[in-house]
Amino acid sequence: MLEKLGEVIRKATNKIANAIFLDKNLVDSIVRDLQRALIEADVGILLVKKLTDKIKKAALDERIKGIDKKEHIIKLLHDELLRLLGEKKELNLKTGKEQNRIMLLGLYGSGKTTTSAKLGNYFLKRGHKTALVGLDTHRPAAQEQLKQLAEKNSLKYFIDLKEKDPLKIWKNLIKEDKLKNYDLVIIDTAGRHTLDKDLISEIKSLSKEINPTESVLVMPADIGQAAKKQTQEFQEAVNISGIIITRMDSTAKGGGALTACAEFSENEKESEKTKKVGVYFITTGEKINDIEPFNPKPFLSRLLGMGDLQSLIEKIKSATGGDEGKQKAIQKRIEEGKLSLDDVISQVRSMNQIGGFEKIKGMIPGFAGMEKKIPENLMETQQEKISKWEHIIKSMTPEEKENPELLEKQTSRIARIAKGAGVSGADIRALLKQYKILNEMIKSGPEMTGDFSQGLSQKQMMKLAKKFMKGKKLRF
Ligand code: GDP
Ligand code: MG
């Protein structure tokens, strides 16, 4: 997801930090790299120009000198990128007796049906009584698709294969009081190729009848900057309260879609009549857990290779289901930098559900520089490996489980465990290596493992900048 853009920004930060003298040539070349990368990510040219002009101006400002200037520019770049991404916007569900109704809107193929299921699963895992309602009667297979997704993930759903009028389907559900037991109802609607009269009139009448708590526009990331126009058009037709950007994993244009939405919401602030729109969630793959709340600060932090522990913890939450005790324990040990071998196993297992190591590597602080050091396939999620590891752990003494380092000091232990577990010494060493790497990553500097939900603080930024400036890259 936007890997290339992240890489260019990291390089630019390095260049600034390591420069002995920030002369015009250097500044120009950094600005050119940034411009190219941002435009490739489909960020609007005007936005890009505004950002790079500010950087240039600060860089050539004679009043700020030396190290202060470098810190200033790195901070400025960070702040401006953050501004491009917009503000955090959360889907606020009411608790209590009132029913929440989230209506998903969007054109053909934008990802509404898959997102309905992802969103349903997301909130189900967070304790909501959730039901999906299929109102797409346009495509013959649409309701069937919703049904399959729902059944696969144990979600309640309501469809009507005989009725062709979505309004009637809804009215029937209400009349028969089918939805009364759910505090969250997610409504999948039909799309069209474009927002034509037919679609407008359909979503208007549905909206009037359903009276949704939230009307969420679903758009695929690959439309890039066009997200702005599409949001405006839908906003004119019905009141959009928020946006979900899908397929962030499959395009380099995600930057365009995100920044276009942020720009739109910024403009919206000027007018009091319309509600502010912003991005609630992004989706990053075809699996049920490939959805995450969009939170600009940690998102940027991840883009810059500084990790995003908050999202990682959220992902673990989705994968471990409502088991709060387990989540808290893992979270605490992540924060303390002391995972046990059992944690490693359960992590690897839940990675299967999360979608593999590929999906989470950017969320681990400092991972950007570390990538090459990790042997290929080390964290692959094969079932075979997991069960081998479970056997190994069962053959270990409690003392060894607590302090796996013991095995390195006394290799006779490895031989004993190998025999007991029916595995080779190499298998045990592979597990130890995995354990060490995870713990090292997590321990790597206290400033990297703080609470990233608020993004990087100024102090953390400065610390980072100083680290860069000593010519030392992050310690990975
Ligand atoms: P709808 O027509 O708006 O209901 O769109 P669908 O939910 O049927 O999705 C259209 C296609 O996009 C399907 O093939 C989905 O599997 C795919 N899709 C949806 N979200 C994502 C995503 O986040 N990543 C990827 N790679 N594919 C997605
Ligand atoms: Mg659909």
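**Exercise 1. Check the length of helix α2 against its expected span.**

Solution. Helix α2 covers residues 24-40, which makes 17 residues, and at 1.5 Å a residue it should span 24 Å. The expected span is 1.5 Å times one less than the number of residues. The end C-alpha atoms of α2 are 24 Å apart, so expectation and model agree. Helices here are DSSP runs of H or I with at least four residues, strands are runs of E with at least two, and both are numbered from the N terminus.

The model is predicted: local features need pLDDT of at least 70, side-chain atom pairs count only at pLDDT 80 or more, and totals for chains, interfaces and linings use all residues. Residues are numbered from 1 along each chain as its sequence is written, chains are lettered from A and ligands numbered from 1 in the order in which they are written, and side-chain values use heavy atoms, leaving out hydrogens and water.

**Exercise 2. State which residues of α2 are buried, and describe the residue D42 that follows the helix.**

Solution. Step one: buried means under 20% relative accessible area, exposed means over 50%, and partly exposed lies in between (1.4 Å probe, protein chains only). In α2 the buried residues are V27, D28, I30, V31, L34, A37 and L38.

Step two: an α-helix has 3.6 residues a turn, so residues three or four places apart point the same way.

Step three: α2 is followed by D42, which sits in the loop between α2 and α3 (45-59). Its phi is positive, near 70 degrees, in a residue other than glycine. Most residues other than glycine have a negative phi. D42 counts as buried because its relative accessibility is 15%.

**Exercise 3. Describe the setting of T13 and of N121.**

Solution. T13 lies in helix α1 (residues 3-18). With 11% relative accessibility, T13 is classed as buried. Its side chain reaches the backbone oxygen of I9 at 2.7 Å. A polar contact is a pair of N or O atoms within 3.5 Å; within protein, one must be able to donate a hydrogen and the other to accept it, and residues adjacent in sequence count only if both atoms are side-chain atoms.

N121 belongs to helix α5 and is buried, at 4% relative accessibility. Leaving aside residues up to four places away in sequence, N121 touches L155, I288 and N289, where contact means heavy atoms within 4.5 Å. From N121 to A150 the C-alpha distance is 8.8 Å, across 29 residues of sequence.

**Exercise 4. Characterise the surroundings of ligand 1.**

Solution. Step one, the shell: 17 residues surround ligand 1, and the closest are K112, T113, T114, T283 and E286. A residue is near a molecule if one of its heavy atoms lies within 4 Å of it. Helix α5 (residues 112-124) gives the largest share of this shell, four residues.

Step two, polar distances: oxygen atoms of ligand 1 lie 2.8 Å from a backbone N or O atom of G109, 3.0 Å from a side-chain N or O atom of R247 and 3.1 Å from a polar backbone atom of G285. Taken alone, ligand 1 exposes 580 Å², and the protein buries 82% of that. Areas follow the Shrake-Rupley method with a 1.4 Å probe; for residues, only the protein chains shown count as cover.

Step three, R247: this residue is in the loop between β6 (242-246) and α10 (254-270). R247 is not a glycine, yet has a positive phi of about 55 degrees. Its relative accessible area of 32% makes R247 partly exposed.
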